[in-house]
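Open your viewer, switch on the cartoon, and keep the selection box at hand. We will go from a ligand to a sheet, one selection at a time.

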Amino acid sequence: MKNYDISLHVKGQSQFVDDVSLPEGTLHAAVFTAPAAHGIIRKMDFGEAMSIDGVVDILTSADITGQNQIGHIIHDEPLLASEVFEYCGQPIAIVLAKNVNAARQAAKMIKIEYESLPFVLDPREAFKKGQIIGKERTFAMGNTDEAWQNCAYIFSGKVESGAQEHLYLEPQGAVALPMESGRIKIISSTQSPSSVQKTVADVLGVPLNQIEVDVTRIGGGFGGKEDQANAWAAMAGLASKKTGQPVKLILSRPVDMAITGKRHPYSSDFKIGLTEDLKILAYEVQYFQNAGAYADLSPAILERTMFHMTNSYFIPNVKGTGVSCRTNLPPNTAFRGFGGPQAMYVMECAIYEAAVKLNVLPSEIQQKNLIGKGELFPYGMEIKNNNVIDNYFIASGRYNLHEKMRNIQVFNAKHQYLKKGLSIMPICFGISFTSTFLNQANALVHIYNDGSVGISTGAIEMGQGVAEKIRMVAATVLGIFPDRIRIESTNTSRIANISATAASSGADLNGHATRLACEQLRDRLIKAIPVFSGLPQGNNYLFRDEKLWQNGTETSLDWNTLIGMAYRNRTGLTSQAYYATPEIFFDREKEKGTPFSYHVTGTGILEVTLDCRRGTFETDSVNIVHDGGKSFVPKIDQGQMEGGLVQGIAWMTMEEVVYAETGKVLTNMLSTYKIPDMFSVPKEINIHFLESAEYPDGIMGSKAIGEPPFLYGIGMYFAVLNAMRSFNPAIQVNYSAPMTNEKILTTLYNK
Ligand code: MTE
Ligand code: LUZ
Ligand code: MOS
């Protein structure tokens, strides 16, 4: 994979927060956190902690000079708990020491006395008590009340999906460096430098221009650093302001896993109604989102759940309600798919339940209800093509679905304890931030007078390859070789008001801004060429392969020479451009609009072999037809497809965050939290990009790729379920993911 920084990665030379060379006198910080899910702080004793060699200071909310407030959508979250703490692991104090071990050791020595308060971990229970965040949302189309009367079949059920730990390779962390006149520079592992800037500025009580945030790259985010990188930067910033020293704060892995938020668990109810010929006539769903103790991004995530409640289907009568429930868990946050996967899983459970009860294949119901050109999603947006349907049938044909199904039947008849299962998973994911205003980006492009190029955008490189994509955009527009182009760090002094690199839109938004800036430079140069080169006016000039071309033939002028001439003739070699996604809007009063620039769609066929003695399984193959537009960096996009798929499979079948009854996260290490490894990767992955799907509005004809592949993994739940039914048709299934090996075994034997 030819990523921008791949050679640094393989040599171990890429720099992350922990690699920043620190000025002398840098202090190291560690956090002291709440010992229980809910309580009133009565007394704290820092004596023993302060006596540890190297400990310099311990900061609490009393040291905050600005606001003790880090909530962005809703202002409900303190940086440091002052009187009350509301989840186990909530930060209360910051220990500063001359070395990291002293800081972490001292944090464990702080004594706290508290009065326990009642707490809630279950979202439905929180809802009953009226503990909700923001507003309940209702998306509706048609009239479900009337439609039920016309349904031949009606089924209902309850669905649970679990949390998921991001497990980015680089834990949360930041370094704060004091600068001239009280300014602070922050190096942060964040997907959202401007959110870090705002949080630090608010906590310190200074304007945004006093805080500079710089990010070279991050070691993965997966949504976990869209909002939740802010706190650590603010703590480092606060400590730096108080002490006048540089401060470094990086969470240890177990602390990160124990106290940061995860994918939201959801508990949902569905009701689905079908006609005699398996058309879904009505669908009602209610989502109880387990938001944790503070809002964080929960309302936005709930909104995306609402958008994706019917997945890839057209259902004429729909009513969905969703509510963010405040519980005493760490605030849950963005995670690849951003609430979409939770909604689609419920939809597929509803179809599966109907199929089982009607004794038909789920695919028979899926096929008859795929959304086609001109049909509407419940939020009023029309789908502009038949790609959902095309993907599904091309996948079935291309990957010999019927033969696969026959082979499975033969195999299952022959084997008593090994059973194969198959599922089909259509996906449909809207591209754009659902908060319309976030869909904007800037780029700043410098051509230095030796012909080398430096590009700044708001995009954060987190392993997804956005730096390489931006470099390819610039190389293509300027007609130069990519190795001439440097992608600079993401820095709030060079690019302001940055939207998080999130919603899979990093390459689209920042790529378009880069394209526009490079087009300006190209056009400016071409216009100036006759002025400084002596070449005739009015000719058709263009740059290709670092040469100037004139009326379709190569001239002897190369890029370096031209740029040198342009500079000496006073042609501006810097350009800035702004891009905002056109024509999107959403009306939250009516819950209708065209919130997405476009949809990414596809169909996956997943096959699994289950060992019914052990409850373990192997994924035989995943075959996908994906409408990803026309990829201009196919290896990177293939990497995103494979990584997303495996992460989705793992969410559905493997990764299980376990909370103690006290609200404490028990799975805070890789010995207790199972993530996918090389053995859990499907033995075969085939990805076919839908032909002729060049997408004109995407960047260079492509479509966003970051999150959608995750959704194919949902199919694994149903592939496993099918294999289980072959072994024991009488299993009692309560739709509850993840379907871990343990759960498979107990379900198979009805234990
Ligand atoms: N790929 C890698 N390697 N690491 C990551 O952290 N995050 C995912 C996806 N792919 C992630 C990743 C998520 S949640 C998103 S939103 C997109 O990348 C963000 O990048 P993009 O907008 O450039 O696609
Ligand atoms: N973040 C966000 C997201 O703020 N809005 C979104 O719509 C979104 N979608 C996916 C991932 N992150
Ligand atoms: Mo991704 S959840 O939008 O960071």
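How do the residues of the shell around ligand 1 divide into nonpolar, polar and charged? Bear in mind as you look that this is a predicted model. Select that shell and colour it by class: you should find six nonpolar, eleven polar and two charged residues.

Now narrow the selection. Of the 19 residues around ligand 1, those that come nearest are Gly-221, Phe-222, Met-462, Gly-506 and Gln-640. Show backbone atoms and look at the oxygen atoms of the ligand. One lies 2.7 Å from a backbone N or O atom of Gly-221. At Gly-506, a polar backbone atom is 2.7 Å from a ligand oxygen, and at Ser-505 the corresponding distance is 3.2 Å. Next, turn on a surface: ligand 1 taken alone exposes 520 Å², and the protein buries 92% of that.

Time to move to the sheet. Select its eight strands and follow the order S3-S5-S1-S12-S9-S10-S11-S20; the sheet is open and its pairing is mixed. At the edges you will meet S3 (55–59) and S20 (490–491), each pairing on one side only.

Zoom in on S10 (residues 184–188) and S11 (residues 211–215), which pair in the parallel sense over four bridges. Pick Ile-187 there, and its bridge partner in S11 is Asp-214.

Finally, add two helices. H6 (residues 193–204) packs on the sheet, touching S10, S11 and S20, and its direction makes about 150° with that of S11. H7 (residues 230–243) also packs on the sheet. Its contacts include S1 (27–33), S5 (91–97) and S12 (247–250), and its direction makes about 25° with that of S9 (173–178).

How values were computed: Residues are numbered from 1 along each chain as its sequence is written. Chains are lettered from A and ligands numbered from 1 in the order in which they are written. This is a predicted model: local features need pLDDT of at least 70, side-chain atom pairs count only at pLDDT 80 or more; totals for chains, interfaces and linings use all residues. Side-chain values use heavy atoms; hydrogens and water are left out. Two strands pair if DSSP finds at least two bridges between them. Contact means heavy atoms within 4.5 Å. Axes are lines fitted to C-alpha atoms, for helices over the stretch in contact, and angles run from 0 to 180 degrees between N-to-C directions. A residue is near a molecule or strand if one of its heavy atoms lies within 4 Å of it. A polar contact is a pair of N or O atoms within 3.5 Å; within protein, one must be able to donate a hydrogen and the other to accept it, and residues adjacent in sequence count only if both atoms are side-chain atoms. Accessible areas come from the Shrake-Rupley method with a 1.4 Å probe; for residues, only the protein chains shown count as cover. Ala, Val, Leu, Ile, Met, Phe, Trp, Tyr, Cys and Pro count as nonpolar, Asp, Glu, Lys and Arg as charged, and the others, Gly among them, as polar.
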